[in-house]
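User: I am new to reading structures, and I would like to understand the reasoning behind the words used for them. Could we go through this one step by step?

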Amino acid sequence: MRNPNTAKNANERVQYNRLRKHRARSKTRKHFSPGSRAGSACHPSLFYSLVEVNTRRLQIGVAGFKFDAGEVSYLPEDFVLKNGSTPNDFTKAYIEFAAQNFASEARVGFKTQEQAIFIRTMDRLSTWNNCGIQTVLPILFNYAVCGYNFNLPDMIGGNSYDGKLCNKQLFVRWVQLNTFLMSMQFSIAPWDFDQETIRVCQKMMAVRKEHIIYLIEQFKSSTQGNLPIRPLWWAIESEEAVECSDQFLVGDNLLVAPVLQEDQWSRTVLLPEGSWRDHDGIEHTGGKKIIVQSPLDVLEILILQLFSSSSSNQ
């Protein structure tokens, strides 16, 4: 971990400060038990009454908990494993414990693809590049090909670190990007901007609802070894497809082409083979590029002709 004075961005500085504070608190705790059910760096007394925790959770109406940390870097520098053979065994046990104890989200994993828990992308900045919106899909693709299909792509609009607030255009494009991903997590609200932003977000929610059964089916199929969210090279064997980080497929039949560049009002879309229909109902022959217009209220989606919008709800 870099010294905060040399860290390149706010995210690195935040992580460095968290690590420094944690190590200062943890100097007296050196032995950890990744082989146990409660494989955690916390003192055993914190886990004396999981039954009580669950009882209160249900009384309050809390669905689950967010488990941050879990990285070995949060342990003391001279830690010793009570069980396990590698530091990654600590991370594996941390996720197993979280998944068994009401967690809905974590941010680490090691051989834990089978756990029913969201794995969150680390904090994104409220920018177009430099740890911003353009990094969401490459990270998701990396998770997916490693078997972690339940990706939580961090908050729409980023985290507004160092006072760098998300502007309206970036926020709307981020909403559109997430419309066909597994989860949409809001921290910044549409009404923090204006009525147009609210209308566009309502439109995107309606588009998601129209296709939600198809989305659910694709994510259910991941338990059978299928990849629900796919990079373009999954369907097109070309160098251009390998380098494409701003399009994705949902299953075989739905192609999504969000806008991830500032002040971009049209874009090129690479089409796999087949007959595709765009959001205006216009048919396109696959195996080529097309140029589509991208005003702020439009998310370009193309549906394979074997798959109709009406059948997505059947």
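User: Which residues of helix H4 are called buried, and what makes them so?

Analyst: In this predicted model, the residues of helix H4 (residues 136-145) that earn the word are Val136, Leu137, Leu140, Phe141, Tyr143 and Ala144; they are called buried because each has under 20% relative accessible area.

User: How do you know that the buried residues of H4 line one face of the helix?

Analyst: Looking down the axis of H4, one finds its buried residues within an arc of 160 degrees, and therefore they line one face of the helix. These buried residues pack against strand S5 (118-120), strand S6 (151-152), helix H5 (168-178), strand S7 (229-231) and strand S8 (248-250), and just after H4 comes Gly147, whose phi is positive at about 95 degrees.

User: Why is the space lined by Leu140 and Ala144 called a cavity?

Analyst: It is called a cavity because a 1.4 Å probe fits there but cannot get out. The count is one cavity of 30 Å³ or more, and the largest cavity holds about 60 Å³ of space. Leu140 and Ala144 are among its lining residues, which also include Tyr148, Phe219 and Ile229.

User: What makes the lining of the largest cavity nonpolar, polar or charged?

Analyst: The lining divides into eight nonpolar residues, two polar and no charged; Asn149 and Asn151 belong to this lining, and they count as polar because Asn is in neither the nonpolar nor the charged list.

How values were computed
Residues are numbered from 1 along each chain as its sequence is written. This is a predicted model: local features need pLDDT of at least 70, side-chain atom pairs count only at pLDDT 80 or more; totals for chains, interfaces and linings use all residues. Side-chain values use heavy atoms; hydrogens and water are left out. Buried means under 20% relative accessible area, exposed over 50%, partly exposed in between (1.4 Å probe, protein chains only). Helices (H or I, at least four residues) and strands (E, at least two) are DSSP runs, numbered from the N terminus. The arc is that of the directions from the helix axis to the C-beta atoms. Contact means heavy atoms within 4.5 Å. On a 1 Å grid over the protein atoms alone, a cavity is a set of points where a 1.4 Å probe fits but cannot get out, and a pocket is an open set with protein on both sides within 12 Å along at least five of seven lines; lining residues have an atom within 4 Å of a point. Grid points are joined across faces, edges and corners, and a volume is the space filled by probe spheres set on the points.
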